[in-house]
Amino acid sequence: MHPRRLLIGGNWKMNGDLAGGVELAEAVAAAFEPIRTNVDAVIFPPFPYLQSVARALGHSGIELGAQDCSAKPNGARTGEVSASMLVDLGVQHVIIGHSERRQFHHETDRLVCEKVHVAMENGLKVMLCVGETWEERSAGRAVEVVQKQLRGALEGLQGDRLAALTVAYEPVWAIGTGKSATPKDAAEAHEAIRRDLEHLYDRSSSAAVRILYGGSVNAANAPSLFAHLEIEGALVGGASLKGADFASILGSAATAFKGRRG
Ligand code: PGA
């Protein structure tokens with residue numbers, strides 16, 4: 001199989017302000033220009049900054065993503081943002097099932113599944129997040145937990161939708177803690193996710209899915225993560241807020257892709 005370009009996502013979460021976000025997007029767009037043929041990138045700013053960030057990204061080739069969307073298509077859901085509204089703004093990707101949504105907003109696998117369906121029906125590409133807590137990993141249940149989340153999220157989804165799916169393996173204990181999973185542990189989890197996708201669907205449709213790692217990815221540890229073929233990119237939180245660090249991660253991904261291509 002031809003190696004695919006790695007995909008790097010920058011999840012800004014609820015950080016920054018409008019001027020800073022625009023400045024950051026401009027800096028990342030400039031850094032992306034010389035490497036854009038060797039790496040894919042998407043930035044997930046907070047909702048209110050989507051349009052301004054889209055303008056700042058211009059024709060750089062960096063895609064635009066939102067951090068969540070409603071499970072409902074429209075109607076009386078105060079405070080929610082629908083998938084079709086995101087599409088209206090030129091958004092191409094949406095993060096669904098991030099552990100912070102599962103933890104702080106009590107999102108269940110069932111809700112995550114509804115969101116996956118509604119997002120894809122509206123033409124959005126889904127960045128589905130799965131990952132175990134430290135307790136679950138210590139109890140030897142990491143694979144089981146991730147498998148349950150994956151199966152729950154994809155219930156009822158046809159194989160031809162997988163072309164619009166990316167899975168981000170994000171162990172909860174590694175997010176925002178500075179304690180990344182070892183590249184070997186991450187690669188093992190990715191392998192398990194890949195096997196599960198092949199089991200749920202088939203080899204060729206699941207081959208369309210890139211599996212990214214997320215959890216304290218930074219400029220220093222990115223090259224060792226990308227040394228593993230199973231790791232097809234990264235979802236980056238903290239380090240995506242610093243232009244130079246994010247640019248360095250993008251550069252490492254471009255280099256890794258060139259190496260994989262041989
Ligand atoms: P982090 O966040 O890189 O700050 O650990 C990753 C994420 O939550 O997507």
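**View 1. Lys13, His98 and Glu170 at the ligand.** An N or O atom in the Lys13 side chain sits 2.7 Å from a ligand oxygen atom, a polar contact if we take that as a pair of N or O atoms within 3.5 Å. For His98, a polar side-chain atom is likewise found 2.7 Å from an oxygen atom of the ligand. Glu170 also places a polar side-chain atom 2.7 Å from a ligand oxygen atom. On its own the ligand would expose 280 Å², and the protein buries 95% of this (accessible area by the Shrake-Rupley method, 1.4 Å probe). Please keep in mind that this is a predicted model, where local features need pLDDT of at least 70 and side-chain atom pairs count only at pLDDT 80 or more, while totals for chains, interfaces and linings use all residues. Residues are numbered from 1 along each chain as its sequence is written, and side-chain values use heavy atoms, with hydrogens and water left out.

**View 2. The shell around the ligand.** Here 13 residues surround the ligand, and those coming nearest are Lys13, His98, Glu170, Gly176 and Ser216 (near: a heavy atom within 4 Å). The shell holds seven polar, four nonpolar and two charged residues, with Gly counted as polar.

**View 3. The largest nonpolar core.** This core has 70 residues, of which Ile8, Leu128 and Phe226 touch the most other members; core members are buried nonpolar residues joined through side-chain atoms within 4.5 Å, buried being under 20% relative accessible area. Helix α11 (residues 243-261) supplies the largest share, seven residues. A second, separate core of nine residues includes Val42, Ile95, Ala168 and Leu235.

Terms used. Polar contact = N/O pair within 3.5 Å; in protein donor to acceptor, adjacent residues only side chain to side chain. Buried < 20%, exposed > 50% of the residue type's maximum accessible area, 1.4 Å probe, protein only. Helix = DSSP H or I, 4+ residues; strand = E, 2+ residues; numbered from the N terminus.
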